[in-house]
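Let's take a walk through a protein model, one piece at a time. Have the sequence and the 3D view open while you read.

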Amino acid sequence: MRLIVVLALFAVCIRGAESDPRWKRHVIAEGYFNQTAISADFTGDGLPDVIATDNDRLRTILYVAPDWKPVAIHEGTELIHSAVIDVDGDGDPDYIGCRYSPGYIFWLERPDNLLRGPWPLHVIDDVRQGGGDGIHGLITGDVDRDGKLDLIGNSAQPEGAFANSLAWFRIPGDPRAAKRWERYVFARGDAPGLSHYHGFGDVNGDGRPDIASAAKVPPDGNWFAWWEQPADPRGAWKKHVIATGQEGATNILIVDVNGDGKADFVASRGHGVGLVWYEAPGWKAHEIDRELRGPHSLDIGDIDGDGDIDVVTTAKDSFITAWFENDGRGNFRTHYVHQKQASYDIRLVDMDGDGDLDILNAGQESRNVVWFENRIGIPAKPK
């Protein structure tokens, strides 16, 4: 009886946050398990399209806006994360996907006739050719400051050519002909515990972008850390631990949370409970949320248009999509967007071209791909 009461109180606590009616749910696809979805104007018509992966049937699918017509562009690979770069410099976006293990990263070249698959595939990195194993998260950024985007990933498995490591990849001169991209392992062996996702930005104000990451598995994981870029980004980077004892640590992003001009960190325990931000310069912890179970997805942006950075997640175990409203000083108010939606991967992106940030959601256990339309600028109807 006591256990039932405790569980009931917990449910009330979880469901007790204010529901936000100013979001409209749109279904792009459903009926399959998927772990990543990403948006870009692949068709060039000014509307953001979506690419997601049906991991039941091992198909990567382009959904063409606005009707979300599906076009299979790749088959045969189970994907865990994705990114977008104009790899070949021809002015249109190309797709990057990764398989966790055996480690494999590739890019799909956006063809002239993109509505007839498959798209041409090119290898970025492959464990079978001496590459990394355990590629969980991808992020883009101009690591070497040459004006071109690079790719950042990991080799999270505790074995292989460079175990427990992080790496960045530079696009080769002729990416179509290259057998793989230029790989630089900047955190060799000092990212143990199954690292997950990454953040990119200048932490210490020296003008060089740094990289943060997180890992979830004890005894060597459960940490958040960042790596300081040296003068030559092709060498080893210096590791700085932000926090340990963070059970299920997965996500970390670099951003000025409280508007003081210093880079802070926003992080989630995606295989644990809750979200937190760390305040520069001493990395004082401020809990954003202490209740959501499995906030595996994380993104940041000015959701309500008030000039500061807000936070969004979908908790894969609580089945709750939530955004956290920043008052500009790092104090957050919780809003529940939807309470029957799981996710492994979300992105803040303007899906409808109205100038604000919507939420694209790879539904994982919900077996769908959905987006939530941001209507915060529209007054809510009286209850």
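Let's start with a hollow: the largest pocket has a volume of about 490 Å³. This is a predicted model, so local features need pLDDT of at least 70, side-chain atom pairs count only at pLDDT 80 or more, and totals for chains, interfaces and linings use all residues. Residues are numbered from 1 along each chain as its sequence is written, and side-chain values use heavy atoms, with hydrogens and water left out.

A pocket here is an open set of points on a 1 Å grid over the protein atoms alone, where a 1.4 Å probe fits and protein lies on both sides within 12 Å along at least five of seven lines; lining residues have an atom within 4 Å of a point. The volume is the space filled by probe spheres set on those points.

Who sits around this pocket? Its lining has 25 residues, and His 81, Leu 138, Ile 139, Asp 299 and Arg 347 lie nearest the centre. By type, the lining splits into 13 nonpolar, nine polar and three charged residues. Here Asp, Glu, Lys and Arg count as charged, Ala, Val, Leu, Ile, Met, Phe, Trp, Tyr, Cys and Pro as nonpolar, and the others, Gly among them, as polar. Among the elements that give two or more residues to the lining are β6 and β18. Strands are DSSP runs of E with at least two residues, numbered from the N terminus.

Now for those two strands. β6 belongs to an open sheet of four strands, in the order β6-β7-β8-β9, with antiparallel pairing. Its edge strands, β6 (81-85) and β9 (121-126), each pair on one side only. Two strands pair if DSSP finds at least two bridges between them.

Here are two pairings side by side:

| Strand | Partner | Bridges | Sense | Facing residues |
|---|---|---|---|---|
| β6 | β7 (residues 94-99) | five | antiparallel | Ile 85 and Asp 94 |
| β18 | β19 (residues 264-268) | five | antiparallel | Ile 252 and Ala 267 |

Is β18 buried or exposed? Five of its five residues are buried (under 20% relative accessible area), so β18 is largely enclosed by the rest of the structure. Asn 251, Leu 253 and Val 255 point one way from β18, while Ile 252 and Ile 254 point the other way. In a regular strand the side chains alternate between the two faces of the sheet.

For contrast, look at Gly 307, in the loop between β22 (299-301) and β23 (310-315). Gly 307 is exposed (over 50%), with a relative accessible area of 68%. Its C-alpha atom is separated by 9.8 Å from that of Gly 259, 48 residues apart along the chain.

How values were computed: Buried means under 20% relative accessible area, exposed over 50%, partly exposed in between (1.4 Å probe, protein chains only).
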